[in-house]
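Okay, thanks everyone, let's get going. I'll put the structure up and then talk you through a few things in it.

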Amino acid sequence: MTPQMPAWLDPSPWLDGRASTHADVERALRCDEPGPRELAALLSPAAHPFIEVMAQRARALTQRHFGRTISLYAPLYLANHCTSGCAYCGFASDRTQPRRRLKPPEAEKELAMLKEMGFEEVLLLTGERTSHAGFDYLLECVSLAAQRFHAVGIEAFPMTTREYGLLAEAGCSGVTVYQETYDPRQYDRLHRWGPKKDYLGRLEAPARAMEAGMRTVGLGVLLGLSDPGFDAVCLMRHAGHLQRIHWKSGITLSFPRLRPQEGNFTALFPVDEAWLARLVFAFRIVLPDVPLLLSTRERPEFRDGMAGLGISKMSAGSRTTVGGYGGAEPTTEGQFQVSDKRSVPEICAMLRNRGLEPVFKNWDSAFRDASVRGHD
Ligand code: SF4
């Protein structure tokens, strides 16, 4: 049965007819409190002639809210076991690639390597909850990471509020749960089997994480799966809904595009770089102080151009294989192919050449330690 979209998410009032005019775009650019209507106008065909204005506005707002800095983080794939059948993923259970889980001492070794590379923020990733990599395993890995890193985030399976609370106590400060697509029909088609088929269970996971005290939640859609204009307005509605209810936590937004992967799933709604750039500019204009992320899925030249132009945070030196940073040869093909394969020093040099300062450290651990002391 096709899942039902909740009323608070419904984007149709802002997309009906999609007939934004030049006047609507100009109004959106002047608006003091832009919302979904303004976002829809900035993403409409009428906004084409305004792309340079949007880029300049995005640059100015990024500088105002984030200075001339780009935060850097690294993903660490802990396991690629999965029981779900997401049509677009190289880790889906019908793919042939070898399955692996880092044992805790192996995870520690990878964490030590990332630390040596200069990282202070790490994102731990797994597939869906399995007996190989379930909650207790993730909790152990979070504890290990929190001993070394200032900020520890997870991108894993949706959890209960209690589980998110335990992870927060162990030092996890951020949870990323991409809805992939907000279109319930498309979601149902693409999530062929497994726990990830639960549209509402996933949609409500960020709210549970915030309720449990996570400092940030990361939202996003996988561009290419569905109508990007529809998904963009839903993404903004989702972010706004969470910000209203859980105002103590922060939101980050990412804009991953579908990449080649085992399974050869190709984009149903291809998004080119020009559209992706406009999407980033539009989100920077409507949500000026929300960190916007761009991963190594994108080409080096594109990432270079977007740094500071809406984007305030990037991954660097990423491996999408389990054990990808260690000395051993990677044993899998990864969740998807990385496009920007430059080293961390190369990314830092690029940023400095563009007048931007790479930042590795944030102060999440200070907040974390203060909140632990507060419970003494
Ligand atoms: S996207 Fe996540 S849940 Fe879906 S198959 Fe890949 S690892 Fe599993």
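I'll go through the domains, then one helix, then the ligand, and finish with two backbone oddities.

Keep in mind that this is a predicted model.

So, domains. The chain is split into domain 1, residues 19-56, and domain 2, residues 68-374. Taken over C-alpha atoms, their centres sit 28 Å apart. Where they meet, 10 residues of domain 1 are in contact with 12 residues of domain 2. On the domain 1 side, α3 and α4 (51-66) each chip in at least two of the touching residues. The largest share comes from α3, with five residues. And what's the chemistry of that side of domain 1, by residue class? It's nine nonpolar, no polar and one charged.

Next, helix α11, residues 228-245. Here's a quick geometry check: 18 residues at 1.5 Å a residue should span 26 Å, and the end C-alpha atoms are 26 Å apart, so the two agree. A good run of this helix is buried, including Phe230, Val233, Leu235 and Met236. Charged residues are on that buried list too, Asp231 and Arg237 among them. What covers the buried residues of α11? The cover includes α1 (12-15), α3 (36-42), β5 (216-220), β6 and α12. You'll remember α3 from a minute ago, as the helix giving five residues to the side of domain 1 that touches domain 2.

On to the ligand. Around it we have Cys82, Ser84, Cys86, Cys89, Phe91, Ala92, Gly127, Glu128 and Lys196. By class, that shell is five nonpolar, two polar and two charged. If you want to pick out the charged pair, they're Glu128 and Lys196.

Last bit, the backbone. Most residues other than glycine have a negative phi. Glu180 goes the other way, with a positive phi near 70°. Asn264 is positive as well, near 50°. Both are in loops: Glu180 lies between β4 (174-176) and α8 (184-190), and Asn264 between β6 (250-254) and α12 (273-286).

So which of the two is buried, and which is exposed? Glu180 has 24 other C-beta atoms within 10 Å, and the cut-off for buried is 20 or more, so Glu180 counts as buried. Asn264 has 7 within 10 Å, and exposed means 12 or fewer, so Asn264 is exposed.

That's what I had, so over to you for questions.

How values were computed. Residues are numbered from 1 along each chain as its sequence is written. This is a predicted model: local features need pLDDT of at least 70, side-chain atom pairs count only at pLDDT 80 or more; totals for chains, interfaces and linings use all residues. A residue is near a molecule or strand if its C-beta atom, placed from the backbone, lies within 6 Å of it. Helices (H or I, at least four residues) and strands (E, at least two) are DSSP runs, numbered from the N terminus. The expected span of a helix is 1.5 Å times one less than its number of residues. Two residues are in contact if their C-beta atoms, placed from the backbone, lie within 7 Å. Domain bounds come from an automatic or database domain assignment.
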